[in-house]
Amino acid sequence: MVATVNTYRRVIALTGPLLPLLSFLARLPVAMSQFGSVLLVAQTSGSLTTAGIVGGALSAAQVVFGPVLGRLADRHGQRPVVLTAAAVNAVATAALVAGALGGLATAPLAALGAVTGACVPLIGPLARTRSVALAHRAGADEGVVAAVHSLEGTLDEVSFVFGPALVALAALLAHPAVALGGAAGLVAVFGAAYALHPTAAVTAGTPVRARGTAGRVRQARVVHAVRGSLALQGAMFGACQAGIASLTDRLGVPGQAGIVYAAMGVVSAAVGLALGALPARFGLRLRWRAATSAALVLSGRCCSPTSCGRCTRSSPCSARPTPRT
């Protein structure tokens with residue numbers, strides 16, 4: 001345990017204490033916009049189908065255009081790319097809120113959702129790239145680099161705990177529109193702060209001609225396998241968002257959907273930190289297999305019609321507890 005703490009101290013010494021904080025606050029809008037858009041559109045339109053279409057358009061555009069933003073950051077540096085993406089995303093998120101409150105039809109709402117997702121500054125991957133670059137510049141060993149990945153993964157998970165929780169709190173106290181408005185403010189302020197942090201100098205970008213033929217190396221098949229598994233993982237998270245929103249609405253407590261979804265990330269965050277303490281003999285392949293097997297078993301248990309103890313296998317849950325006042 002002491003060795004693990006010392007390793008993480010070395011990571012913070014490389015990045016400085018402010019960079020992880022800024023990157024964490026800049027990641028929150030990603031979790032808030034995805035889940036908040038579903039809740040907002042569901043409440044304003046009265047249709048979970050419309051909410052799912054808008055949320056799906058946002059997530060799909062993020063997946064498609066995320067690599068484009070990453071490539072632009074590689075070529076031109078993180079600072080100009082993140083500054084531009086954060087500004088555009090803040091405006092697009094505000095437009096999505098206005099459109100939902102104005103009662104736009106499904107198609108224009110989905111278009112606004114797609115624009116919002118396309119310009120999401122993916123701070124998580126960019127921060128991971130920057131931290132690893134800082135570690136390599138300092139000549140850190142592979143143990144520190146592995147700890148960088150664990151810390152960054154944990155910050156991702158924690159953001160997906162607090163993001164939905166903030167959405168739920170805003171929905172309970174005011175309206176989901178407040179949550180998305182807050183996401184627009186967060187991405188504008190802290191996205192810009194992350195981009196302007198002095199450590200951005202280590203990711204200043206490399207022109208295509210300077211990279212030569214390195215970028216044209218044929219990718220291994222395992223890369224495509226990982227991409228496929230991550231796509232399926234994203235589909236699982238999207239299904240969880242829509243399913244939780246539907247379930248809590250059926251139970252009469254729609255405002256608690258964010259709290260339920262946030263609870264899913266608590267253990268993930270703890271596991272992310274714990275990975276730094278595992279001995280080297282627990283390789284990535286073993287960790288991957290164990291994690292996916294656990295997710296499969298636990299997801300099947302959560303989706304069981306009898307998991308709440310109040311339903312039967314032959315009928316859906318009809319329990320609608322009276323909301324607390």
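Which residue meets Arg 128 in a salt bridge, and what is the N to O distance? The partner is Asp 156, and the N to O distance between the two side chains is 2.8 Å. The model described here is predicted, and the values below are computed from it.

**Salt bridges**

Arg 128 belongs to helix H6 (residues 123-137) and Asp 156 to helix H7, so their salt bridge ties together parts of the chain that are 28 residues apart in sequence. A search of the whole structure finds three salt bridges, listed here with the closest N and O atoms.

| Pair | N to O distance |
|---|---|
| Glu 152 and Arg 27 | 2.4 Å |
| Asp 156 and Arg 27 | 2.7 Å |
| Arg 128 and Asp 156 | 2.8 Å |

Glu 152 forms its salt bridge with Arg 27. This pair joins helix H7, where Glu 152 lies, to helix H2, where Arg 27 lies, across 125 residues. Asp 156 also forms a salt bridge with Arg 27. Here again helix H7, through Asp 156, is linked to helix H2, through Arg 27, and the two residues are 129 apart. Arg 27, Arg 128, Glu 152 and Asp 156 are thus linked in a network of salt bridges.

Is Arg 27 buried or exposed? Arg 27 counts as buried because its relative accessible area is 3%, under the 20% cut-off. Glu 152 is buried as well.

**Aromatic and charge-ring contacts**

The structure holds one aromatic pair. Phe 24 and Phe 162 make up this pair in an edge-to-face arrangement, with the ring centres 6.2 Å apart and the planes at 85°. Phe 24 is in helix H2 (residues 18-45) and Phe 162 is in helix H7, so the pair ties together parts that are 138 residues apart in sequence. The two rings are covered as follows: Phe 24 is buried at 14% relative accessibility, while Phe 162 is partly exposed at 45%.

A charge also sits over a ring elsewhere: the charged end of Arg 130 lies over the ring of Tyr 194, at 3.9 Å from the ring centre.

**Nonpolar surface patch**

Phe 162 has a further role in the description, as part of a nonpolar surface patch of about 600 Å². The other members of the patch are Leu 166, Leu 169, Leu 172, Leu 173 and Ile 259. Helix H7 (residues 142-173) gives the most to the patch, with five residues. Ile 259 is placed in helix H11 (residues 257-274). Why does Ile 259 count as partly exposed? Its relative accessible area is 46%, and partly exposed covers values between 20% and 50%.

**Two further residues**

Thr 15 is found in helix H1 (residues 2-15). At 6% relative accessibility, Thr 15 is buried. Apart from neighbours within four places in sequence, Thr 15 is in contact with Pro 20, Ser 131, Leu 134, His 197 and Thr 199.

Gly 238 lies in helix H10 (residues 221-250). With a relative accessible area of 33%, Gly 238 is partly exposed. How far apart in space are Gly 238 and Gln 34, C-alpha to C-alpha? The C-alpha atoms of Gly 238 and Gln 34 are 8.8 Å apart, although the two residues are separated by 204 residues in sequence.

Methods: Residues numbered from 1 in each chain as written. Predicted model: local features only at pLDDT ≥ 70, side-chain atom pairs only at ≥ 80, totals over all residues. Heavy atoms only, no water. Patch = residues over 30% accessible without salt bridge, like charges linked within 9 Å, V, L, I, M, F, W, Y side chains within 5 Å. Areas by Shrake-Rupley, 256 points an atom, 1.4 Å probe, with all protein chains shown as cover. Salt bridge = Lys/Arg side-chain N within 4 Å of Asp/Glu carboxyl O. Helix = DSSP H or I, 4+ residues; strand = E, 2+ residues; numbered from the N terminus. Buried < 20%, exposed > 50% of the residue type's maximum accessible area, 1.4 Å probe, protein only. Contact = heavy atoms within 4.5 Å. Phe/Tyr/Trp six-rings, centres within 6.5 Å; stacked < 30°, edge-to-face > 60°. Lys NZ or Arg CZ within 6 Å of the ring centre and 35° of its normal.
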